Amino acid sequence: AIVGAEPSATKRAGDFQHPSDKRLSPRTVVAMLGPVAAVIILVVSVVALVSRTPAPDWQATMAGDAGTTAATGLVAGWNMGDGTRVVLETADLGPAPEGFVYQLWFSQPSGDVSAGTFTDPSYVELSVGVSRKDVPAVWIALQPIGTDGASEGQAVLWTSDT
């Protein structure tokens, strides 16, 4: 009965398309690519702008006693309104042994200020509430966990320009 039935007046047999037969015309595809490309360009531009870091306001090399370590480091700082953003990169200074941490210090004759602790010294980013022009010596100590005084740590690396 279905095979011999006449198509209704509102729907002819030739009007029916299976959903998988619908294809986009080349003109539609080209029209859709423009906005997609614009969004991709916008996202890439924003990521590039946000991730671009200005040159540091200061940087200094770090070295230790040649007889005890072959490690070296580079410490860079960006002066902020309320302190300093510090990035430290070291070479040949392994992770802190169990029970110990590294601590980055800013020092002057009247006292020391900790910039923070870390265990993996390969790349460290910290903030400290002082300016290097006020507290010029920068150094790394290996300290037992639970101690917080600069005198309780062993100096491992220090800046060569102070």
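Q: How do you know that β4 and strand β5 pair, and in which sense do they run?
A: In this predicted model, β4 and strand β5 (residues 111–118) are joined by seven bridges in the antiparallel sense, and since two strands count as paired once at least two bridges are found between them, these two strands qualify as a pair. One position in this pairing is glutamine 103, which stands opposite threonine 117 in β5, and the two strands form a hairpin with two residues between them.

Q: What joins β4 to strand β7?
A: Eight bridges join β4 to strand β7 (residues 137–144), and the two run antiparallel; within this pairing, phenylalanine 106 stands opposite valine 138 in β7.

Q: Why is strand β4 described as largely enclosed by the rest of the structure?
A: A residue is called buried when its relative accessible area is under 20%, and seven of the nine residues of strand β4 (residues 100–108) are buried, so the strand is largely enclosed by the rest of the structure.

Q: What is the order of the strands in the open sheet?
A: Eight strands form this sheet in the order β5-β4-β7-β8-β1-β2-β3-β6, with antiparallel pairing. What makes β5 and β6 (123–128) the edge strands is that each of them pairs on one side only. Neighbouring strands of the sheet are turned by 25° against each other on average, when direction is ignored.

Q: Which pattern does the protein chain follow along the sequence?
A: The protein chain contains one helix and eight strands, and, read along the sequence, these follow the pattern α-β-β-β-β-β-β-β-β.

Q: Why does tryptophan 58 count as buried or exposed?
A: The relative accessibility of tryptophan 58 is 12%, and the cut-off for a buried residue is under 20%, so tryptophan 58 counts as buried. This residue is found in strand β1 (residues 58–63). Leaving aside neighbours within four places in sequence, the residues in contact with tryptophan 58 include Val75, Thr84, Phe106, Arg132 and Val138. The C-alpha atoms of tryptophan 58 and valine 86 are separated by 9.7 Å, although these residues are 28 residues apart along the chain.

Q: Which residues have the most contacts inside the largest nonpolar core?
A: They are Val75, Tyr102, Leu104, Phe106, Phe118 and Ile140, in a core of 24 residues. The elements that give two or more residues to this core are β1, β3 (83–91), β4, β5, β6, β7 and β8 (154–159). In soluble globular proteins, nonpolar side chains tend to be buried together.

Q: With which residues is phenylalanine 106 in contact, leaving aside its neighbours within four places in sequence?
A: Among them are Trp58, Val86, Gly111, Val113, Val128, Val130, Val135 and Val138, where contact means that heavy atoms lie within 4.5 Å.

Q: Why does aspartate 92 count as exposed or buried?
A: Aspartate 92 has a relative accessibility of 67%, and exposed residues are those over 50%, so aspartate 92 counts as exposed. This residue is found in the loop between β3 and β4, and its phi is near 65°, a positive value in a residue other than glycine. Most residues other than glycine have a negative phi.

Q: How many of the residues of the protein chain count as buried?
A: Of the 162 residues, 29% count as buried. The chain exposes about 10900 Å², of which carbon and sulfur atoms supply 60%. Among contacts between residues at least 6 apart in sequence, 52% join residues at least 24 apart.

How values were computed:
Residues are numbered from 1 along each chain as its sequence is written. This is a predicted model: local features need pLDDT of at least 70, side-chain atom pairs count only at pLDDT 80 or more; totals for chains, interfaces and linings use all residues. Side-chain values use heavy atoms; hydrogens and water are left out. Buried means under 20% relative accessible area, exposed over 50%, partly exposed in between (1.4 Å probe, protein chains only). Helices (H or I, at least four residues) and strands (E, at least two) are DSSP runs, numbered from the N terminus. Accessible areas come from the Shrake-Rupley method with a 1.4 Å probe; for residues, only the protein chains shown count as cover. Axes are lines fitted to C-alpha atoms, for helices over the stretch in contact, and angles run from 0 to 180 degrees between N-to-C directions. A nonpolar core is a set of buried Ala, Val, Leu, Ile, Met, Phe, Trp, Tyr and Cys residues joined through side-chain atoms within 4.5 Å.
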